Amino acid sequence: MAESKPRVWVSQPLFDDIVARLAEHFEVDATRDVTAWSPAQVAAKLGEVDGALVTLNERIGEDELAAAGRLRAVANVGVGYNNLDIGALESRGIVATNTPDVLTDTTADMAFALLMAAARRITEGERWLREGRWTQWSFDTLLGSDIHGSTLGILGMGRIGQGIARRGAHGFGMRVLYHNRSRLADGIERNCRADWVDFDTLLREADHLVLVLPYSPATRHVIDSTALAKMKPTATLTNIARGGLVDEVALADALAHGRLASAALDVFEGEPAVDPRLLALRNVVLTPHVGSASLATRRAMAALAVDNLVAALGRGPRAGRPPTPVTGVSSPGTGKR
Ligand code: 8YV
């Protein structure tokens with residue numbers, strides 16, 4: 001009798017040609033339309049499969065795993081994996097993987113696009129123009145702040161943070177400061193032309209502060225009213241990591257009262273809902289979590305997630321050795337955001 005194929009669930013539509021590779025090894029339950037799965041639906045799906053390929057939309061914690069008796073692997077499409085409770089997965093022997101590296105440069109590019117849009121008031125200017133308010137050119141319209149020669153502050157100095165540092169230092173002649181749990185090796189610091197500083201110094205010195213650190217309960221609202229009060233009123237804040245890093249009410253207040261010049265946010269604590277206080281402000285650039293959204297990079301992420309799932313379920317050339325596993329050692333993954 002032919003061996004029955006393991007079954008896998010793909011929680012959102014990805015690229016058909018890439019997802020099709022799963023069918024060489026598995027029976028595939030592929031989601032055709034973008035779907036807001038409820039926790040109960042996620043739990044039911046996980047109860048039926050040996051592997052799952054999921055996105056940040058699907059949270060997987062104790063409750064969702066309660067009936068997942070045969071689940072052996074979860075491949076997350078994304079470098080951040082705070083939607084996964086790594087401890088809960090590990091305690092059941094379920095392998096978790098993510099998609100680092102392939103999105104580093106695309107996401108670092110986006111950080112700069114946002115930072116520059118905030119500093120030079122790009123989206124604010126576009127709205128103003130579209131509203132028909134440009135009736136006469138004037139010398140002081142939409143004055144912003146410079147990027148070249150300014151101080152770039154980076155909070156969280158992993159691969160993406162380093163990519164941002166290199167762009168800032170080498171591309172725009174910025175002075176680069178960073179804060180991270182651990183200091184980088186000398187060689188990397190030199191390559192990025194970046195200096196480690198403590199958190200308060202970073203806040204005080206940065207003309208443009210970019211958040212790129214993983215989200216966990218320990219980093220929730222790391223940018224709160226106290227942190228914002230230490231920043232220069234002329235500074236910009238860019239968040240391309242996770243919305244929960246910023247106290248959005250405190251940020252909206254600082255932006256509304258001139259205690260911070262502008263902000264650019266690609267991620268939100270309650271996304272896809274965006275706090276109406278932010279929506280009402282002109283000096284904040286808002287994008288819908290598209291940091292890694294170039295076609296080439298999204299394809300590379302999907303392909304890596306597929307490779308991970310195939311290998312984690314013991315198939316293909318890397319059987320048993322998924323390319324990018326997540327381990328609990330330094331894991332911030334909690335199944336929450
Ligand atoms: C992904 C992201 O698109 O990689 C991440 O952590 O936030 C985005 O690049 C997202 O995770 C898709 O699941």
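Reader: Which residue in S2 stands opposite Arg7?
Author: That is Glu27. Strands here are DSSP runs of E with at least two residues, numbered from the N terminus. The model is predicted, and local features need pLDDT of at least 70, side-chain atom pairs count only at pLDDT 80 or more, while totals for chains, interfaces and linings use all residues. Residues are numbered from 1 along each chain as its sequence is written, and side-chain values use heavy atoms, without hydrogens or water.

Reader: What makes S1 and S2 a pair?
Author: Pairing requires that DSSP finds at least two bridges between two strands. S1 (residues 7-10) and S2 are joined by 4 bridges, so they pair. The two run parallel.

Reader: And why do S2 and S13 stand at the edges of the sheet?
Author: The order of this open sheet of 6 strands is S2-S1-S3-S4-S5-S13, with mixed pairing. S2 (27-30) and S13 (325-326) each have a single partner strand, so one side of each lacks a neighbour in the sheet.

Reader: Over to the ligand: what makes its link to Gly80 a polar contact?
Author: A polar contact is a pair of N or O atoms within 3.5 Å. A backbone N or O atom of Gly80 lies 2.7 Å from a ligand oxygen atom, so the pair qualifies. Ser292 passes too, with a side-chain N or O atom 2.6 Å from an oxygen atom of the ligand. The protein covers 88% of the 330 Å² of accessible area (Shrake-Rupley method, 1.4 Å probe) that the ligand has on its own.

Reader: How many residues of the shell around the ligand are charged?
Author: There are 2, alongside 5 nonpolar and 5 polar ones. Arg298 belongs to the shell, and Arg counts as charged, as do Asp, Glu and Lys.

Terms used:
A residue is near a molecule or strand if one of its heavy atoms lies within 4 Å of it. A polar contact is a pair of N or O atoms within 3.5 Å; within protein, one must be able to donate a hydrogen and the other to accept it, and residues adjacent in sequence count only if both atoms are side-chain atoms.
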